[in-house]
Amino acid sequence: MPYCEPGMTVGLFGGSFNPPHEGHFLVASLAIQRLGLDQLWWLVTPGNPLKSGNGLAPLHERLALSEAFAHDPRIHVSALEKKLGTAYTARTIRHIVRRNTGVNFVWIMGADNLGDFHRWQEWRSIARTVPLAVIDRPGSTLTYLSSKAARALDKARVAEKNARALARMKPPAWTFIHGPRSHVSSTALRRGNGHQG
């Protein structure tokens with residue numbers, strides 16, 4: 001687990017990163033800037049329980065590639081979930097929060113994940129444990145914002161202009177952050193065409 005101190009604001013950015021790409025770094029950079037993060041933990045998961053493991057590159061390769069994209073000293077790439085023996089975000093977050101009293105954590109996800117968030121194990125528990133920052137991604141932003149999870153958490157939505165205060169808010173609290181978007185996707189890169197279309 002990366003080192004942090006009480007009072008710090010730390011973003012948790014998890015995924016399979018199969019492979020990582022400039023879009024992931026753009027999400028990480030936007031989160032650092034707009035949320036005022038001291039650190040961002042880029043958490044490379046052993047695998048996504050909602051996706052097939054077919055075509056999943058070995059963890060050590062995805063870690064090395066993620067390190068190559070982490071062009072900011074505030075970004076710490078970690079395989080924490082492998083060490084914990086879990087692929088479930090809710091368990092990972094609970095462990096991190098328990099071990100780091102006084103640290104202000106916020107979970108970061110691309111807007112494409114908001115559409116499926118209601119399918120994550122214990123997704124409501126995640127929303128009650130840490131604030132959530134959803135970073136815009138190419139696609140139908142309105143579709144993401146009308147997803148089951150977005151509707152269920154509607155009353156907990158915070159105005160984007162208050163994003164820098166999000167990590168210190170009592171969850172559930174979430175915001176949607178707009179900014180530059182990359183059309184690169186891991187799926188397209190695995191298919192060899194480099195972009196979605």
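**Helices and a sheet**

Trainee: Which elements are included in what covers the buried residues of α2?

Mentor: Heads-up, this is a predicted model: local features need pLDDT of at least 70, side-chain atom pairs count only at pLDDT 80 or more, and totals for chains, interfaces and linings use all residues. Residues are numbered from 1 along each chain as its sequence is written, and side-chain values use heavy atoms, with hydrogens and water left out. Helices (H or I, at least four residues) and strands (E, at least two) are DSSP runs, numbered from the N terminus. Going by contact (heavy atoms within 4.5 Å), the cover includes β2 (39-44), β3 (75-78) and α3 (80-84).

Trainee: And which residues of α2 are buried?

Mentor: Look along residues 59-69 for those that are buried (under 20% relative accessible area, 1.4 Å probe, protein chains only). You'll find Leu59, Arg62 and Ser66. They share one side of α2, because their arc around the axis, taken from the directions to the C-beta atoms, is only 65°.

Trainee: Which strands stand at the edges of the sheet?

Mentor: The six strands form an open sheet with parallel pairing, ordered β3-β2-β1-β4-β5-β6. Pairing takes at least two DSSP bridges between two strands. An edge strand has a single partner, so one of its sides has no neighbour in the sheet; here those are β3 and β6 (174-177).

Trainee: What is the bridge partner of Phe13 in β4?

Mentor: β1 (residues 9-15) and β4 (residues 104-110) pair in the parallel sense over five bridges. Phe13's partner in β4 is Ile108.

Trainee: Which strands does helix α4 touch?

Mentor: α4 covers residues 89-99 and packs on the sheet. The strands in touch with α4 are β1, β2 and β4.

Note on methods: Buried means under 20% relative accessible area, exposed over 50%, partly exposed in between (1.4 Å probe, protein chains only). Axes are lines fitted to C-alpha atoms, for helices over the stretch in contact, and angles run from 0 to 180 degrees between N-to-C directions.
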